[in-house]
Amino acid sequence: MSHQPTDSNVCDRCDQVRTPLSWCVNCRTRVCEPCWERVPGHRVDRLGPQDLPHEKTDYRSFIRLQNMLYPNLSEDELRHLHEADGDAFWFGTSNDRYGEPYFTDGGIYSSLMAQSGHSERTPKYPQLVSFIGQTNAGKSALIKMLIDQEERILSPIEQPSFPSPVVGSALYENEPTSANVHLYADPRTMLDTSGHTPLLFADCEGLDAGARVPRAEIARRQPERIEILYDWIRHGRKRKLAWAKTEQTRGRQFTVKQLYPRILYTFSDVVVFVLKNSKTFEKTALNNLLNWGENSLEQSINQPALPHAIIVLNGSRIARSNSRLDTRETTNSLLESVGTSFDQDPDIVPLIRSWRERGKRIRNCRDLIGCYYASFSVVKIPMEEQSQYNLLAKQISTLRQEIDKCCRLSYDAKREARLLSKADELDVYVQHAFDHFSTYLDRPFDFVKISLQHKPIPENFGEHLLQLAQEIQDRGNKRNRQRLTGQAIFKKLSIVVSSSVLLECMRYHKGRAIQHLDEYTDYIDNVLWEFCEKSYPCEYDSDGRRCINTRQRHGKGHQDPAGRVRVGDYQSSFTYEDTIQTWIDRVKRQLQRLEGRMQGLRNAQGNQDRTDASLALQLHSEAMTALYDEIDSEKLFSGRSTCFSCLMAIPQHALPCRHLLCNTCVRGHGRLRQNIGYDHEHVYELQQCPLHTNDRAWKRHFIVRFKPNLVGVRVLSLDGGGIRGVVELETLFQIEKEMKNSELKIPLRAFFDLVVGTSTGAIIALCLATKSWGLDKCIETFLALCDQAFTPRRLQGIPLLQFATNFRHGGSKYKTRPLHRALRKVLGTEKLFGGKPHETAHRPKVAVTTTEGEGTKAIVIGNYNRPEISSILSPANTSTRDADYEFLRPSDPKCEFNTWEAAAASTAAPRFFKKFHHQASQRSFLDGALYHNNPARVVQGERKALWPDVADHDPDIFLSLGTGQNESRIQRQLRNDDEADDSTRNEKVYGSSAARDMLKVLVSQLAYIPPFAIRCAAFPTAPLTWLIE
């Protein structure tokens, strides 16, 4: 008996429900194990085609493969699948209503990373496998089978749950299926909580795009539907394609062959080229493989590693008796079939000539492929018509093993070079690449340039030194229009390093500085190694075109600024091995020389009363001034991560010249403020910036106030709550009113040391901390801002159209632009940190909470700088809950937040407003309330990091304000509780009479806040005069 397979557990032979069942490919019969031998064709003496026994396949596996390869779908079902597949959209191009082309990121990468099963505290290093090939070559089917195979291993019985591509249907057999680039997750690595390399599959539109519109695109354009309901790119960011100015560059085929390869080649660990007919390898696959690499190789600079290439010969005719399916044998066999004829192909000859002119020896096809890919291998997949399902499953496993091997090689190469990118770091690189290639198609994307913009905050002396070395290298090049050699950079650096060590030792150590030099040797050693490996470019020069690849990123060979590649290894006369001992000896000699000069200063007339620290500071300032005068520091050294005055700490104070100094340098270079009416050594004034002392002094001295040691702190926490934030403002208004009526007579902003807010609380916090307004002004401004900010989208109140409009805008019911305009008008465009200093009035430190764009972690943005919590507090004073967020402090000033942008990042509430995308840093943000609607925990962590001297003490004042609750809702809840059954009442939140009475009191208090006085808890008699001038 033979028939079409159905999803049933009934044996065709005995008509009994049996498990497991097997499917005979030859007989097309479903039989149980006892009945298998009873089928005439299954006897030992009976053979099928090719003189082999009938193939026995697990029936459940057969059904799953059958449904994947030959989906029996109606046109409506197929359209619905394409609509659902829209959620996997990664990036692509389309036209707006005016016909202008644009590039869009669908946001699926961040969503997949947020859904992965990895621990939030375990770093994830995603790996990308891109599937490329001609239309109808079977790319989507291969990804689908790879995902299905892993799901069957994890859950053999469960139905597929991981999204996978839509496979081509017999309804449209000769038409392309997928459009643009979609991204899918591998079940095994995504659910493995012990692993750290989630695997992603990218399904790219066919290389011969343009001739026919993909079915996915046709499904999206159905005229009878409201298009905006099915806008795949509803969550994405649109970027105008600046280079798409001609009919050719606007076409889909140009985009698929020119734009997509640049992105996928740049970020893929493995590229899988799928070929339908192995007989056309030389003409089709080889040409596409090489041209794809040629179009992309020179479009990125300092790329971490070349991708690995796998050729899949999909639909190969393979005899079941054929044992030559080993990947290595298959690869060698295919290359041997090409032989030497490959150099006669008119499309390949120019590539061979070009590489030979660059110095590359091209003897065979493997040599040419190796110019573009780290490795090359071939895997055969049997023809569907052969119905060899066991062999098909085996070869899919072989393909997966080859992918895993290539991914391990790529991971190991990047790890050895210390170039692994975490999930969020990779997203930043990708977003910058999207921006870059949307604007410049033929200008290479530079990984080093982006990495320098997003450097983490240094945690030690060596990391600060590296920042300075990189600044000297970068700025020296721009001023002199030529490179500074490594020797010149570190010669300049040696005197600064020795003076920094001298200053540090005179401030904090006993004995001579030379006796403590060994304590700094590891830092001095490490900065040289890091600079030589990661920052110093190759010295190769060809006709004035210098290579700009660093040692660790020299995998492609030499590359000039235009991306042009020439063969050759990294060349440098400045290496770690040759320089380290000379470098340490020079620092030692400089330190000895400085100690001799300091002894002379001690003996000089008039210096007898000066401390060694002040004398060391004088010598250090002279060394820094000499260096900075030589490289024009006034316009330079504006980084946020290193104090370029001492090189020992992070900067915390922005000066009028926009340079930044740490606390110690402000105290060292400043002087105590005189004649201010009280005797506390906490107010300092600076007359000029120590980074360019030869310039004229400032007309107005810069004032910096410090908290006296061991004096407690006062902190304010402001919850989110939309327009109900007026409750917080009214409460603060009553507090300020009471304070002004008391003997304090100080504004509220001068009372608190730290204010942290979330969402609407963030707006209030920024108004209090960055403006000089009273609370009455804040209330007036807040109400006006709410009137402008909450602007409903059109068609609200009409159910279907309201849903359609909100859906098109990421589900947001209010317009985002009016909110941003209102925030920009109220809070201004000044940088939150490092902008125009405000030294004339006491302003508290302020921070706002927000959430990473896909909700994976909380983020804090502040108008101050600080080290990592773990680096300054002992374990006893730190809990994991204190540091369960990222403190965002960009190293590059260009990536710093404006004040209004910080508020926008904190108020991007899902379903109300769109995500906030910060253009400068290429990061997206959601409302801070997703993690910290009440930011009290953030306040606790930040005040410990800012003032470690009192970290183990409770703050003097910890005021946390909420936005209240709806009285009618609470009353309704109370009534429901009264009507509930007595057996369940006590289990409810408001079940007890005491709790209900307390709630009634709280509700009544919302209408009236009685005035009250606030006094310090820890230091009730401590003077408050240090708060004001």
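Contact here means heavy atoms within 4.5 Å. Keep that in mind as we walk through this predicted model, in which local features need pLDDT of at least 70, side-chain atom pairs count only at pLDDT 80 or more, and totals for chains, interfaces and linings use all residues. Residues are numbered from 1 along each chain as its sequence is written, and side-chain values use heavy atoms, with hydrogens and water left out.

**The whole protein**

Show everything as a cartoon. You are looking at 34 helices and 31 strands; helices (H or I, at least four residues) and strands (E, at least two) are DSSP runs, numbered from the N terminus. Of the 1029 residues, 55% count as buried. Buried means under 20% relative accessible area, exposed over 50%, and partly exposed in between, using a 1.4 Å probe and protein chains only. Among contacts between residues at least 6 apart in sequence, 71% join residues at least 24 apart.

**Stop 1: two annotated residues**

Select Ser759 and Asp927. An unreviewed UniProt entry annotates them as "active site"; UniProt positions are given in the numbering used here, feature names are shortened, and annotations may be inferred rather than shown by experiment. The two span 169 residues in sequence, yet their C-alpha atoms are no more than 6.2 Å apart, so they gather at one spot.

Zoom in on Ser759, in the loop between β25 (754-758) and α24 (760-770). Ser759 is buried, at 9% relative accessibility. Leaving aside neighbours within four places in sequence, Ser759 is in contact with Gly720, Ser906, Thr907 and Asp927.

Now move to Asp927, in strand β30 (residues 923-927). Is Asp927 buried or exposed? With a relative accessible area of 6%, Asp927 is buried. Its contacts, again without neighbours up to four places away, include Thr758, Ser759, Thr850, Thr851 and Pro910.

**Stop 2: a strand under cover**

Select residues 270-275, which make up strand β10; six of its six residues are buried. Val270, Val272 and Val274 point one way, while Val271, Phe273 and Leu275 point the other. In a regular strand the side chains alternate between the two faces of the sheet.

Add residues 127-133, strand β6, which pairs with β10 in the parallel sense over five bridges. Two strands pair if DSSP finds at least two bridges between them. Which residue of β10 is the bridge partner of Gly133? The partner is Val274.

**Stop 3: a helix to check with a ruler**

Select helix α21 (residues 612-630) and measure from end to end. The expected span is 1.5 Å times one less than the number of residues; for these 19 residues that gives 27 Å, and the end C-alpha atoms are 27 Å apart, which agrees. Buried residues of α21 include Leu615, His620, Met624 and Tyr628.

**Stop 4: a valine inside**

Select Val501 in helix α18 (residues 486-508). Val501 is buried, with a relative accessible area of 0%. Not counting residues up to four places away in sequence, Val501 touches Phe461, Leu517, Tyr520, Leu591 and Met648. Leu591 is 90 residues from Val501 along the chain, but their C-alpha atoms are separated by 7.9 Å.

**Stop 5: charges over rings**

Finish with Arg667, which lies over the face of Phe706, at 3.8 Å from the ring centre. Arg824 lies over the face of Trp900, at 4.3 Å from the ring centre. A charge sits over a ring if NZ of Lys or CZ of Arg is within 6 Å of the ring centre and within 35 degrees of the ring normal.
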